[in-house]
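Hi,

Here is the structure I promised to pass on. Have a look at it first, and then read my notes underneath.

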Amino acid sequence: MKDKKLCYFLMVFIFFFCFSINNNSLAFTKKLNQQCLKCHKLKRAPKVLPNGEKMYLYVDSERFNKSAHGVLNCILCHQDIDPSNHPKPVKILSKKSYAKQVTQNCLGCHAESGLSSFHKNVIKENKVTCDECHTAHYIKTMEAIKEQTEACIKCHKLERLPKILPNGEKMYLRINPKEFAKSPHAEIGCFACHFDIYNSNKHPYPKPIKSKRAYAKEVVKNCVKCHTYSSLSKHRGHAAIIKSKKFICIDCHAYHKSNSLGR
Ligand code: HEC
Ligand code: HEC
Ligand code: HEC
Ligand code: HEC
Ligand code: HEC
Ligand code: HEC
Ligand code: HEC
Ligand code: HEC
């Protein structure tokens, strides 16, 4: 942990040093980012990509400044942007291809070897990009995530009326903190499977959910982001079951509880 902190410190120091010969470094970063944000904090028509996707160019400057990278310069991630001739129309094939390209730069600062083990599977498979879980511009520190997890538990350990779904099903919202503490994901916290909630600043709001099964299917899509197919395929029976798509992960595995089989 100490080594990692030192490493970050050195990276940022070297960057600032290179640019700080005549400048106060932090003020310089702020100024450069302000130049970018002068345009990018405006909500305007999106860039339309060749496949029809809309790429919105808006960046919320307040949320960016508060993120783990608030002190970083935009172009440390955006090595694709040359401020001297930007904006010029650049051809971007799809949002996914662009995310793949830009997130290569994350690894320049966060070496793969320093990331927790499931990241290695994620990187090897090269399907899910970093921003799908962390976002691109509003990345939270581990400390902020931890605080948020405590808040999730504080609210969700309370007994309250269930959420009634359109088909009449009752969705009980209580989580037992003691049970959760024994689950394999306790250390990561609710962030492991519910990062969409951490990344939105709207929760709790009445999210429309059609049925419990539909919601379960939506959440289990996240399981295979970390437990990649190739990492699970080592067990042949298991792989065949997953491939058949007759069952979803939580038909067999617990998610808020301790025992690994059964809910
Ligand atoms: C931590 C790395 C990082 C930093 C710092 C960063 N970006 Fe990005 N940016 C990304 C990634 C990754 C994408 C593409 C994927 C995505 O949008 O989810 C992206 C995409 C974009 C896009 C295209 C629209 C979009 O959201 O896909 C714009 C515009 C943009 N960034 C502007 C900025 C500006 C302006 C700053 C500085 C205030 C900045 N970025 C700082 C990582 C970063
Ligand atoms: C004068 C306004 C303006 C400024 C200043 C500006 N941008 Fe942009 N930016 C744009 C426009 C317009 C586009 C869309 C270009 C297009 O349609 O192809 C864009 C597109 C982008 C994209 C999407 C990828 C691409 O190249 O189309 C990123 C990322 C981005 N800008 C980052 C930055 C960063 C980082 C800075 C600061 C160094 C910056 N911008 C400064 C107007 C600006
Ligand atoms: C499937 C979701 C997911 C994806 C994709 C993902 N991460 Fe993470 N990341 C997490 C979670 C959950 C944590 C916190 C728990 C942990 O590290 O075990 C985390 C933690 C981190 C940390 C903090 C680690 C530490 O201990 O200091 C960094 C840095 C990080 N991720 C970078 C990345 C980068 C770079 C990528 C892209 C190559 C990426 N992540 C892709 C979910 C993801
Ligand atoms: C120029 C170097 C640089 C780049 C590029 C960069 N980061 Fe970071 N990142 C940092 C620094 C510095 C911190 C702050 C570390 C701290 O506070 O301990 C940080 C913090 C983080 C954290 C929180 C870690 C913690 O322990 O709290 C995550 C997660 C993260 N970055 C993910 C990413 C992702 C994903 C990308 C690409 C989209 C990226 N970073 C690009 C330097 C970088
Ligand atoms: C291992 C993945 C995983 C983790 C970690 C996780 N959840 Fe869930 N959660 C799920 C899945 C899958 C569903 C959907 C299943 C369903 O609706 O029956 C779900 C559903 C929920 C629901 C809707 C009610 C229900 O039980 O169906 C709430 C509330 C909830 N989670 C809160 C939390 C909180 C709070 C935490 C952290 C203490 C957490 N979850 C951690 C996977 C997870
Ligand atoms: C202030 C209390 C509060 C906090 C904090 C809170 N929740 Fe909730 N949560 C709720 C309420 C209330 C609902 C039901 C919303 C509704 O009626 O539609 C809910 C619903 C949910 C659901 C069911 C799906 C949905 O969106 O309706 C999940 C999953 C969930 N919360 C997870 C979390 C996680 C993870 C966190 C922490 C990041 C968290 N909650 C923090 C109160 C809270
Ligand atoms: C953010 C990444 C992440 C997500 C998303 C995630 N897991 Fe995990 N899971 C882990 C980590 C890390 C461990 C503990 C280390 C290990 O043994 O791989 C783990 C452990 C497990 C274990 C116990 C493995 C053992 O060897 O005992 C099971 C079973 C499991 N996860 C199933 C699931 C299911 C089902 C989902 C979706 C509902 C899910 N996981 C979502 C990262 C994740
Ligand atoms: C039909 C039941 C069933 C389904 C569906 C299922 N599993 Fe499993 N899984 C098992 C059994 C049985 C084991 C082995 C017993 C054990 O080690 O606990 C296992 C083991 C695991 C392990 C630990 C060993 C390993 O291979 O790394 C993980 C992680 C895991 N499953 C994740 C998942 C995920 C993610 C899904 C959904 C994509 C899933 N499982 C779907 C029954 C199932």
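A word on vocabulary before the ligands: helices (H or I, at least four residues) and strands (E, at least two) are DSSP runs, numbered from the N terminus. This is a predicted model, so local features need pLDDT of at least 70 and side-chain atom pairs count only at pLDDT 80 or more, while totals for chains, interfaces and linings use all residues. Residues are numbered from 1 along each chain as its sequence is written, and chains are lettered from A and ligands numbered from 1 in the order in which they are written.

The overall picture

The protein chain has 16 helices and four strands. Of its 263 residues, 6% are buried. For burial, the count is of other C-beta atoms (placed from the backbone) within 10 Å of a residue's own: 20 or more is buried, 12 or fewer is exposed, and in between is partly exposed. Contacts are pairs of residues whose C-beta atoms, again placed from the backbone, lie within 7 Å. If you take contacts between residues at least 6 apart in sequence, 60% of them join residues at least 24 apart.

Ligands 1 and 2

For the ligand shells, a residue is near a molecule if its C-beta atom, placed from the backbone, lies within 6 Å of it. As for residue classes, Ala, Val, Leu, Ile, Met, Phe, Trp, Tyr, Cys and Pro count as nonpolar, Asp, Glu, Lys and Arg as charged, and the others, Gly among them, as polar.

Ligand 1 has 20 residues around it, with Cys36, Cys74, Cys77, Ala99 and Ala136 coming nearest. Helices H2 (25-40), H4 (74-77) and H5 (95-103) each give at least two residues to that shell. By class, the shell holds 13 nonpolar residues, six polar and one charged.

Around ligand 2 there are 16 residues, and Cys36, Cys39, Cys74, Pro87 and Pro89 are the closest. H2 and H4 are the elements that give two or more residues here, and H2 has the largest share, with five residues. Ten of the shell residues are nonpolar, four polar and two charged.

Pro87 deserves a second look: the peptide bond leading into it from His86 is cis, with omega near -5°. Pro87 sits in the loop between H4 and H5.

Back in H2, you'll also find Lys38, which counts as exposed because it has 10 C-beta neighbours inside 10 Å. Its C-alpha is 9.6 Å from that of Ser61, 23 residues apart along the chain.

Ligand 6

Which residues come nearest to ligand 6? They are Cys152, Cys155, Cys190, Pro204 and Lys207, out of 15 around the ligand. Helices H9 (142-156) and H11 (195-199) each supply at least two shell residues, and the largest share, five residues, comes from H9. The shell splits into nine nonpolar, four polar and two charged residues.

There is a cis peptide bond at this ligand's Pro204 too: it joins His203 and Pro204, with omega about -5°. Pro204 lies in the loop between H11 and helix H12 (212-220).

Cys190 turns up again in the largest nonpolar core, together with Phe191, Ala192, Cys193 and Tyr198, five residues in all. A core here means a set of buried Ala, Val, Leu, Ile, Met, Phe, Trp, Tyr and Cys residues joined through C-beta atoms within 7 Å. In soluble globular proteins, nonpolar side chains tend to be buried together. Leaving out residues up to four places away in sequence, Cys193 touches Val219, Asn222 and Tyr255.

His185 is in the loop between helix H10 (177-181) and H11. With 15 other C-beta atoms within 10 Å, His185 is partly exposed. His185 and His256 are 71 residues apart in sequence, yet 8.5 Å apart in space, C-alpha to C-alpha.

Two backbone oddities

Asn126 is not a glycine but has a positive phi of about 55°. You'll find Asn126 in the loop between helix H7 (117-125) and helix H8 (131-134). Is Asn126 buried or exposed? Exposed, because Asn126 has 9 other C-beta atoms within 10 Å.

Lys245 has a positive phi as well, near 60°, and is a residue other than glycine. Its place is the loop between helix H15 (236-244) and helix H16 (249-252). Lys245 is exposed, with 7 other C-beta atoms within 10 Å.

Cheers

Conventions
Contact = placed C-beta atoms within 7 Å.
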